[in-house]
Amino acid sequence: MSGRTFGILSPFVGGDYYGAIIEGINEAAAAGGDRVMAVQTLDPGAHSADRSGLPQFHRQIAWERLSGLVVLPGAVAAGYAAAAHRAGLPVIFVAQDAADTGGSVVLADNRSGVRAAVRHLVEHGHEQIAFAGYLAHFDLRERHEGYREGLLAQGLTPRPDLLFDTGDNHESGGEAVADALIRAGMPATAIVLGTDRNAIGLIGRVTAAGFDVPGDLAVVGFDDIADAAYLRPALSSVRQPLDKVGGAVYHLFGELLADPERSPRVRQVTTVFQRRNSCGCPSTGLAVSEAYTRSLFGQVQYLQSTLNIQYELGIELLGTQQSDARTLDWLGLTPALAGCLGLWKDDGEKDELALTGQFRIDVGAPGAVIPVSQFPPRELFDLADGAAADIVFVVPIRSRSRDWGMLAAVGRIQATTPPGREMMNHSGALLSQALDYQVMMSALREQEERLRTAALRDHLTGLPNRVLLEDRLELAEARAAREAGYRYAVLLLDLDGFKAVNDSLGHAAGDVLLIEVARRLSELLRRTDTVARLGGDEFVVLIDGLAEPEAYLTVCESIQAAVAVPLVIDGVPVVVGVSIGVAVSGVGSADADHLLREADAAMYRAKSAGRSR
């Protein structure tokens, strides 16, 4: 697909607020022959945009591929948008204060809808009307201003004791306001809340406390989400047409791209008060068409499918029988059409991504490195179909311990779930944890191997130590007991002249000599034989399986010849010999401990007889 690509930065890339705006922008862009890409700026797994604060997001995702950038509320700091503007990208802010951004803004006319709601409540006879909202957000402050204007227009004075800050835009904020009203003796007869979810939380809490809505307290929300009409009582709300907000964003891009100066512009979309039962209006029943019922049924099926997918993803990525999560094979469990995983090269210091995983897409050999400004790869955009609501999503893969990289996928816009419950946020969180888990398990395996080596190997030469030697000897002894014709030999070696090297050249030179002797012995023997270091300059050789009782003699001669080869240490030629004591199973005893003692005694007899015996 040709055409322009517009990037959308959002705390989450789905849900009944952010997802609905993304959906509106995409519909307008698809109709105009263009496409969009949505980038999540919060860490994956974040529970709430309100509670998470402003994301620390600074990566210039796909800047080389974009014709413009949309910034949704709470997505990035002002410096990010300023950098994009300096790079030549037109930037449009949604639902933000034009005075703060200094750029072009599209926002709903929050005040008009709230003024209409206040006027309606006054018509019902209310004068003690409260307002509650999360006033840290610009659009909530605008709704509060609409409330104030509505009261003043009706000749009522706003009361400070009837203003409440919910602390978030969710049900929990409404519950907190309900508790405050109940403690104060219910000083209001009506209340306007900043979001429908605030309103839903408040209604649940006050009705549980025995109050009647709207008899004791009339309630009006804002957003007119799908749940509003199905509450009991049905929630009166102010509807902001997010699809029209999205459409206005796309059309404003057309104006900006045609204007060489790109002068800042502001566009407002009208909001509408929707009366239902919670404000005091009588119930008119639900007039629902067959088409709407089928649409709702489809949404229910889709959400059920989403729950099943999330469960299966959790099992696949966090289960005990994990495959390598970086391959992205697990994306086959999701509705994603394709995907690509980029992991930061050099921990992201150069803003470069190594393309590590791919799903239903060919972006070349794994490990290819591209700048973040070219991620996702062009091939992924070619698979997006905006008309079918399938767009490119990008989510950071970041955990508390590590910033891994970026996951991009082509999938369907999810605009009916609560924000943060969409597939990309869930997948990103699981992938981050799976990568952390794989690193942890790899580190544990390495540590286990180091501990095992420390317990069974000589720390200087890496040869088996006494513990591992005893295990090998027990195996040989057991085999000799089972097989009548099987014989093994134990050779105990002591270097001749080692003390002189230590005394004249120092212990470091002695260590070099021991390491070299260990190497020569290891190369000389068969894989089935064992050479171990007992300590100092003593080594033990276990010859596994002697074809003839005297076959050890050939091995002894080879050992003496190999050890006697001169070695230069710090420029000084060093020559040592080796005295060897031998004990062979089947000659009196097959007991390993006994053979080791016999070999030790034989070695001392050889040493007493002279060097290299």
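How much space lies in the second largest pocket? In this predicted model, the second largest pocket holds about 740 Å³ of space, and the close-up views described below begin with its lining before turning to a helix, a strand residue and several loops.

**View A. The lining of the second largest pocket, with 36 residues.** Among the residues that line the second largest pocket, Val71, Val76, Phe93, Gln96 and Thr101 lie nearest its centre. The elements that give two or more residues to this lining are helix 2 (49–52), helix 3 (78–86), strand 4 (91–94), helix 4 (98–101) and helix 6 (138–153). Helix 3 provides the largest share of the lining, with four residues. Sorted by class, the residues that line the second largest pocket comprise 21 nonpolar, nine polar and six charged ones.

**View B. Helix 16, residues 552–564, with a buried and an exposed side.** Helix 16 has 13 residues and reaches 18 Å from its first C-alpha to its last, which is close to the 18 Å expected at 1.5 Å a residue. Within helix 16, the residues Tyr552, Cys556, Ile559, Ala562 and Val563 are buried. Because these buried residues cover an arc of only 130 degrees around the axis, they lie on the same side of helix 16. Thr554 and Glu557, by contrast, are exposed on the other side of helix 16. The partners against which the buried residues of helix 16 pack are strand 18 (488–496), helix 15 (507–524), strand 20 (538–544) and strand 23 (577–584).

**View C. Ile370 in strand 15, residues 368–371.** Is Ile370 buried or exposed? Ile370 counts as buried because its relative accessibility is 14%, and the cut-off for a buried residue is under 20%. When residues up to four places away in sequence are not counted, Ile370 touches Glu352, Leu353, Leu355 and Phe375. Glu349 and Ile370 are 21 residues apart in sequence, and their C-alpha atoms are 13 Å apart in space.

**View D. Two cis peptide bonds, one before Pro214 and one before Pro233.** Most peptide bonds are trans. Val213 and Pro214, however, are joined by a cis peptide bond with an omega of about 15 degrees, and Pro214 lies in the loop between helix 8 (196–208) and strand 9 (218–222). A cis peptide bond also joins Arg232 and Pro233, where omega is about 0 degrees. Pro233 has its place in the loop between strand 9 and strand 10 (236–239).

**View E. Met186 and Arg262, each with a positive phi.** Most residues other than glycine have a negative phi. Met186, although it is not a glycine, has a positive phi of about 55 degrees, and Met186 is found in the loop between helix 7 (171–183) and strand 8 (190–193). With a relative accessible area of 13%, Met186 is buried. In Arg262, which is likewise a residue other than glycine, phi is positive and near 50 degrees. The loop between helix 9 (242–258) and strand 11 (266–270) is the place of Arg262, and Arg262 counts as partly exposed because its relative accessibility is 28%.

Note on methods. Residues are numbered from 1 along each chain as its sequence is written. This is a predicted model: local features need pLDDT of at least 70, side-chain atom pairs count only at pLDDT 80 or more; totals for chains, interfaces and linings use all residues. Side-chain values use heavy atoms; hydrogens and water are left out. On a 1 Å grid over the protein atoms alone, a cavity is a set of points where a 1.4 Å probe fits but cannot get out, and a pocket is an open set with protein on both sides within 12 Å along at least five of seven lines; lining residues have an atom within 4 Å of a point. Grid points are joined across faces, edges and corners, and a volume is the space filled by probe spheres set on the points. Ala, Val, Leu, Ile, Met, Phe, Trp, Tyr, Cys and Pro count as nonpolar, Asp, Glu, Lys and Arg as charged, and the others, Gly among them, as polar. The expected span of a helix is 1.5 Å times one less than its number of residues. Buried means under 20% relative accessible area, exposed over 50%, partly exposed in between (1.4 Å probe, protein chains only). The arc is that of the directions from the helix axis to the C-beta atoms. Contact means heavy atoms within 4.5 Å.
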